[in-house]
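Here's a quick briefing to read alongside the model. Have the structure open and follow the residues as they come up.

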Amino acid sequence: MENPVQFVAWLRSVAPYIHAFRGKTFVVAFPGELVKAGALPVLAHDLSLLHALGIRIVVVHGSRPQVEEQLALRNVEARFHKGIRITDVAALECAKEAAGELRLDIEAAFSQGLPNTPMAHAAIRIISGNFVTARPIGIIDGVDLELTGVSRKIAYETIQPILNAGGLVLLSPLGFSPTGEIFNLTMEDVAVAAAIALRADKLIFITETPMMTDLTGAEIHELSSHQARAIIDSGALPPDSAFYLKHAMQACTGGVPRAHVVSFSTDGSALLELFTHDGVGTMISSQNLESLRDATIDDVGGILKLIEPLEADGTLVKRGRELIEREIDYFSVIEHDGVIFGCAALYPFPEEQMAEMACLTVNPEVQAQGDGERLLKHMENRARAAGVKKLFVLTTRTAHWFIKRGFVPASVDDLPEDRQHMYNWQRKSLVLIKTF
């Protein structure tokens with residue numbers, strides 16, 4: 001191991017995600033292009049790791065390029081209407097052939113048990129069946145789409161016991177009607193229907209499309225479902241990306257808290273998306289992911305984790321858990337997807353109409369994203385609302401940062417009298433004051 005310290009730090013950093021994801025249900029969907037690109041074994045390794053962490057996995061596969069291959073072998077012309085395949089009897093036979101072959105390949109990938117691979121000792125059981133009830137799309141603009149269908153119902157009452165027993169469930173892009181007909185479906189439609197029916201915590205599309213960007217070329221990492229609608233309507237995205245985003249938005253509208261669109265071109269993209277702060281794809285949420293709010297007693301652990309490294313190097317004064325618990329009402333935090341990434345405290349001195357802002361801390365991984373600025377503005381607004389006229393800070397390392405934001409140097413004599421008595425002359429902190 002080249003850098004054991006870095007490895008240990010990384011492993012500790014993912015612990016909050018592991019705690020948050022254990023016992024959750026993820027629907028992971030991927031197109032046939034992933035299999036054609038030879039990325040199926042790597043994906044199986046990554047999903048087996050998620051399974052080992054206690055995450056319940058439902059896998060949905062697509063088959064478009066495999067169906068095209070079967071059509072070419074049989075000299076059958078592919079027909080589409082507005083991007084939707086028209087499935088006649090011959091095309092349905094090709095879809096069945098492709099789905100059957102892919103299902104066996106996927107089952108084989110999850111049956112690996114080679115030593116020194118993520119699949120060692122995995123013993124994963126992946127189960128498929130007639131879990132998708134479908135109906136025909138029918139006639140659109142006068143064009144009969146024949147045996148092309150849409151999901152009507154997912155057999156969640158059958159799937160849940162399989163997940164509870166530690167199995168994975170595999171869904172193919174085929175559905176069945178109560179009359180015994182078979183319909184050709186899209187992978188995206190099946191994935192959304194499964195995620196909604198199973199009340200999944202996440203829907204993850206692992207796609208052939210590159211990272212989404214807006215009209216300015218900036219990468220799109222996070223969107224609310226409302227923002228996703230605006231992006232689609234703007235026409236900024238290529239058709240394939242817009243198609244995935246439309247279905248991700250549909251899942252969030254249907255009650256799935258998070259949907260992700262991630263390219264499989266990056267090795268381990270699913271893991272990077274799930275276990276790093278910024279991820280490597282686009283995340284769509286049913287609500288705003290990040291909140292800047294008053295702290296609660298449940299945030300004490302997250303605050304301690306933030307400030308302990310700064311206490312250790314002398315940047316901050318040491319505060320024990322009991323002190324933070326007693327003073328939690330003074331704190332505000334930035335929370336992102338259930339993880340605390342920033343905090344600050346405001347201690348008022350009403351008689352002097354002054355307040356001290358202390359313990360302003362942001363996770364080093366996200367310090368360049370403006371969270372410190374947002375926390376400062378939030379605390380200033382809290383101070384104004386409390387009738388404060390002057391806000392002061394005591395700092396040994398970050399005086400320049402505060403001076404750039406309107407604070408001016410002052411002396412200990414300018415502090416409230418009670419705070420003067422508590423001043424630590426050994427630290428010799430600089431006093432900076434901002435007047436509103």
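Let's start with Thr 396: not counting neighbours within four places in sequence, this residue is in contact with Gly 314, Thr 315, Arg 427 and Ser 429. Keep in mind that we're looking at a predicted model. From there, the bullets go through the chain as a whole, then its salt bridges and surface patches.

**More on Thr 396**
- You'll find Thr 396 in the loop that runs between strand E21 (390–395) and helix H15 (399–403).
- Its relative accessibility is 32%, so Thr 396 counts as partly exposed, given that the partly exposed class sits between 20% and 50%.
- Pick Val 58 as a reference point, and Thr 396 turns out to be 338 residues away in sequence and 52 Å away in space, C-alpha to C-alpha.

**The chain overall**
- There are 16 helices and 23 strands in the chain.
- The C-alpha trace spans about 90 × 50 × 35 Å along its principal axes.
- Buried residues make up 47% of the 436 in the chain.
- Take the contacts between residues at least 6 apart in sequence: 69% of them join residues at least 24 apart.
- Accessible surface adds up to about 21,500 Å² for the chain, and carbon and sulfur atoms account for 53% of that.
- On the charge side, the chain carries 40 positive and 53 negative charges, and the mean positions of the two sets are 3 Å apart.

**Salt bridges**
- Side chains of opposite charge can pair when their charged atoms come close.
- How many salt bridges does a search of the whole structure find? The count is 16.
- One of them pairs Lys 82 with Asp 141, with 2.6 Å between the closest N and O atoms.
- That pair links distant parts of the chain, 59 residues apart: Lys 82 is in the loop between strand E3 (80–81) and strand E4 (84–85), while Asp 141 is in the loop between strand E7 (139–140) and strand E8 (143–144).
- Lys 82 and Asp 141 are both exposed.
- Arg 293 also makes a salt bridge, this time with Asp 299, and the closest N and O atoms are 2.8 Å apart.
- Within that pair, Arg 293 is partly exposed at 23% relative accessible area, whereas Asp 299 is buried at 6%.
- Then there's Arg 382 with Asp 294, where the closest N and O atoms are 3.8 Å apart.
- This pair, too, links distant parts of the chain: Arg 382 belongs to helix H14 (residues 371–385) and Asp 294 to strand E17 (residues 290–294), 88 residues apart.
- Both partners are partly exposed, with relative accessible areas of 22% for Arg 382 and 47% for Asp 294.
- Shared partners also tie Arg 79, Asp 88 and Glu 146 into one salt-bridge network.

**Surface patches**
- Which residues form a nonpolar patch on the surface? They are Phe 7, Val 8, Trp 10 and Leu 11, with about 360 Å² of accessible area together.
- Phe 7 sits in helix H1 (residues 4–13) and is partly exposed, with a relative accessible area of 38%.
- A negative patch is made up of Glu 351, Glu 352, Glu 417 and Asp 418.
- Glu 352 is in the loop between strand E19 (339–349) and strand E20 (354–362), and its relative accessible area of 34% makes Glu 352 partly exposed.

Conventions
Residues numbered from 1 in each chain as written. Predicted model: local features only at pLDDT ≥ 70, side-chain atom pairs only at ≥ 80, totals over all residues. Heavy atoms only, no water. Patch = residues over 30% accessible without salt bridge, like charges linked within 9 Å, V, L, I, M, F, W, Y side chains within 5 Å. Areas by Shrake-Rupley, 256 points an atom, 1.4 Å probe, with all protein chains shown as cover. Salt bridge = Lys/Arg side-chain N within 4 Å of Asp/Glu carboxyl O. Lys, Arg positive; Asp, Glu negative; His and termini not counted. Charge placed at Lys NZ, Arg CZ, Asp CG, Glu CD. Helix = DSSP H or I, 4+ residues; strand = E, 2+ residues; numbered from the N terminus. Buried < 20%, exposed > 50% of the residue type's maximum accessible area, 1.4 Å probe, protein only. Contact = heavy atoms within 4.5 Å.
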